[in-house]
Amino acid sequence: KTRSLLSVFEEDAGTLTEYTNQLLQAMQRVYGAQNEMRLATQQLSKQLLAYEKQNFALGKGDEEVISTLHYFSKVVDELNILHCELAKELADTMVLPIIQFREKDLTEVSTLKDLFGLASNEHDLSMAKYSRLPKRKENEKLKTEVVKEVANARRKQHLSSLQYYCALNALQYRKRIAMMEPMLGYTQGQINFFKKGAEMFSKRMDSFLSSVSNMVQSIQRELDAEAEAMRVSQQDLLSVNESVYTPDSDVTSPAINRNLIQKAGYLNLRNKTGLVTTTWDRLYFFTQGGNLMCQPRGAVAGGLIQDLDNCSVMAVDCEDRRYCFQITTPTGKSGITLQAESKKEYEEWICAINNISRQIYLTDNPEAVAIKLNQTAQQAVTPITSFGKKHESLRPSQNVKTVEEERDKFIPKESSTKSNCTELIAPGTPIQFDMVLPATEFLDQNRGGRRTNPFGESEDSKNDEEDSLWQQMFVVRFLGSMAVQSDDTNEVIYEAMRQVLAARAIHNIFRTTESHLMVTSKSLRLIDPQTQVTRTTFELASVTQFAAHQDNKRLIGFVVRVTESLGEESISANIFESNTEGEKICYAISLGKEIIEAQKDPEALAQLMMSMPLTSDGKFKLLNDQSEEDGAIPEEPGEESEA
């Protein structure tokens, strides 16, 4: 009966031990969570204070948020103190009692059980030994020892069993205490935590929390309004015509703004990767003052790509791509090549760069100046590209008004006071922008010079070249030619420059024809650099005026007076852009005229030849050590061109 009852108590003790271990794990998890809460609130407070130190790119207007987070940080610090106290109280009143119960009571029962088992085994061994005493012949000494051993074993078993039974009985009471004491400590700790929190924050936190709640609701309302506006915008975008998203949708008649002084958008930039290989990168470009900026993808700000002051821009054919244009530096060096995505963007970029290169952005009202200059050019010029049409429209237009107030930067300020532009060039005078006509037609219609053969050489061109006392060649680009009314002053050249450049900008005529200008002691010859065809020849004696622009040193112009077939004289101004300084070309023309005058007087010619260095064949040599760097091409005797 005792053994049966003991097994029941032992089974109960084993179940209690297993449950106690599980309960301890749960309580340790609660304590760990509370301790983690303490560490987490401490870290949270630090992060709230770190908001102010963050360099937000869009941090404007965060002062109210920063002050609110500072206050919340103080609140979290005070709560962290309470969490620390609660964690310590849970460790002392919840986890510690259950650990003590497991380590003391349950371990004691387990130890006593082992001792009771050892005592029982020892008693069984002694009884077995006693049972084997012989029946016939008894050894009194052995019998006495065995009896004594049995008695000691029984006494030890009895003592251990009593201790073990008492421990099992006490365990039933201690079990109840061990289950309730930790939960009592946990509950009391939570109550103290909330009570202290209520006492600490209930009074002073109400108004603060109310204001924060109102601020959050206000921000939410703003967010809802913004979201609604975005939703409406999205619906509007979805309802528009598909042509809005189609590049170059209106090729025939795009709405082009020619008065831009700043421009931004995506362009393709041509990069040379090898001798014959190139790549095109799509980048974001924008103008800033007189600079062209580029902002690569992912960059915070843009960088300088090209200085646009006094630069020139022209349309180019590049790798069979559409809408390509090239920006050339004031020194004549080819700059960057760009490609726009549509005709509208292409023309607006060219107009904007032209306006910026004239430094309109430096004026007080650049938009008004750009509009005025474009209106002036619209009224002052009617571009044509054929000399045949030019003779048909020489009559001045009665609807064109004379504009004198606005001047381009290419016109010197003092020129407006010297002569009236209408006295120099009739309003509505047509302009020729190219030299695509055959050389024969060009000379027969406009210059009255000798005809040239289909290969571009006049019958006596080589003889003239050999007979000339000196020659010099320059790389130039033809900008335009127009009839003028006077050749008495250089002001007619400046006015022709203004009208030609303005007309090119207004009508988007950006292509130029490159030629070699050969200045000899007899004539000015324009030679095709590819075919060596002489496009036209101007007798040096017929050149009455020549001048370089005072601001843009690469602009050169000269006035030619020739006699037409009917005996009437015609005066025309021809404008060029050179790779070298225009003053050098003017010096070459001036030297040629001096040679012509000196040839009339043998003594003067001899004196001039003595004062100027000569080549080995007796021709004059122009003193210009930097001619090749500046774009001039020195000629060998007897050769038409070395370009």
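**Exercise 1. How many residues does helix H1 have, and what does it reach from its first C-alpha to its last?**

Solution. First, the ground rules: this is a predicted model, where local features need pLDDT of at least 70, side-chain atom pairs count only at pLDDT 80 or more, and totals for chains, interfaces and linings use all residues. Numbering starts from 1 along each chain as its sequence is written, and side-chain values use heavy atoms, with hydrogens and water left out.

Step 1: helices are DSSP runs of H or I with at least four residues, strands are runs of E with at least two, and both are numbered from the N terminus. H1 covers residues 2-50, which gives 49 residues.

Step 2: the expected span is 1.5 Å times one less than the number of residues. For H1 that is 72 Å, and the model comes close with 71 Å.

**Exercise 2. Find which residues of H1 are buried, and what covers them.**

Solution. Step 1: buried means under 20% relative accessible area, exposed over 50%, and partly exposed in between (1.4 Å probe, protein chains only). The buried set in H1 includes Leu6, Ala13, Leu16, Thr20, Leu23, Leu24 and Met27.

Step 2: look for contacts, meaning heavy atoms within 4.5 Å. The cover includes helix H2 (63-131) and helix H3 (140-201).

Step 3: keep the helix geometry in mind. An α-helix has 3.6 residues a turn, so residues three or four places apart point the same way.

**Exercise 3. Is Ala178 buried or exposed?**

Solution. Step 1: locate Ala178, which sits in helix H3.

Step 2: check its relative accessible area; at 5%, Ala178 is buried.

Step 3: list what Ala178 touches. Leaving aside residues up to four places away in sequence, these are Ile98 and Phe101.

Step 4: try a C-alpha distance too. Ala178 and Arg102 are 76 residues apart along the chain, yet their C-alpha atoms are separated by 8.9 Å.

**Exercise 4. Work out how strands S14 and S15 are joined.**

Solution. Step 1: two strands pair if DSSP finds at least two bridges between them. S14 (residues 543-548) and S15 (residues 555-563) have 5 bridges and run antiparallel.

Step 2: pick out one bridge: Gln545 is partnered with Val559 in S15.

Step 3: look at the connection. The two strands, S14 and S15, make a hairpin with 6 residues between them.

**Exercise 5. Put these pieces into the whole protein.**

Solution. Step 1: count the elements, which come to 15 helices and 17 strands.

Step 2: take the burial total; 42% of the 643 residues are buried.
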